[in-house]
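Trainee: I'd like a close look at a single part here. Please pick one and take me through how its pieces fit together.

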Amino acid sequence: MRELDRIDRDLLAALADDHRATVVALADRLGLSRNTVQARLARLEASGAFLPFDRSIDPGALGFPLEAFVSVHLQQKQLGTVIERIAGIPEVVQAHGLSGAVDLLVRVACRDVHDLFRIDGEILAIEGVERTETSLAMGELIPYRLGPLLER
């Protein structure tokens, strides 16, 4: 991805404030032409600056109000297979490979604790998974944000 200039940063900051803003509204807010805003948005999209839309959908609205983080300890040689199998579990909404004592941090959306127990069992049943530790998310205290980074 190329270096962002001031216009790109201002555009991204405006979208962070109001992700539903129209091109015309963004152009008015930033004092730019509509064509400039459209071209900048297209270039930012092509460069991979935007995450998929489904990251903005609350799993609770889909009937999955409980969220948990599953720390997965695995046999390193099995990483590819384990990831492939975990990706096949629909309730897994995100997973990160980590350095340190935990190998994977898997974020899951669940209907209730019984559903979480079942999902944890599915993860544990994957060949190469040695053990898991599960933590319930009690609430999002700092929501996903990029505004402070854009202001740097």
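**From the N-terminal stretch to the sheet**

Mentor: Happily! Residues 4–65 are 53% helix and 0% strand (DSSP runs numbered from the N terminus: helices, H or I, of at least four residues; strands, E, of at least two), and the C-alpha atoms at the two ends lie 37 Å apart. This is a predicted model, with local features needing pLDDT of at least 70, side-chain atom pairs counting only at pLDDT 80 or more, and totals for chains, interfaces and linings using all residues. Residues are numbered from 1 along each chain as its sequence is written, and side-chain values use heavy atoms, leaving out hydrogens and water.

Now the sheet, our part for today. Four strands form an open sheet in the order E2-E3-E1-E4, with antiparallel pairing (at least two DSSP bridges between partners). At its edges are strand E2 (92–97) and strand E4 (129–136), each pairing on one side only. From one strand to the next, the twist averages 20 degrees. Within the sheet, strand E1 (residues 66–74) pairs antiparallel with strand E3 (residues 104–110) over seven bridges. Val70 has Val106 in E3 as its bridge partner.

Two helices join the picture. Helix H4 (residues 79–87) lies across E1, E2, E3 and E4 and runs at about 10 degrees to E3 (0 to 180 between N-to-C directions of lines fitted to C-alpha atoms, for helices over the stretch in contact). Helix H5 (residues 113–124) also packs on the sheet, touching E1, E3 and E4 (heavy atoms within 4.5 Å); the direction of H5 makes about 160 degrees with that of E4.

One side-chain detail to finish: Arg111 lies over the face of Phe64, 4.1 Å from the ring centre (CZ of Arg or NZ of Lys within 6 Å of that centre and within 35 degrees of the ring normal).
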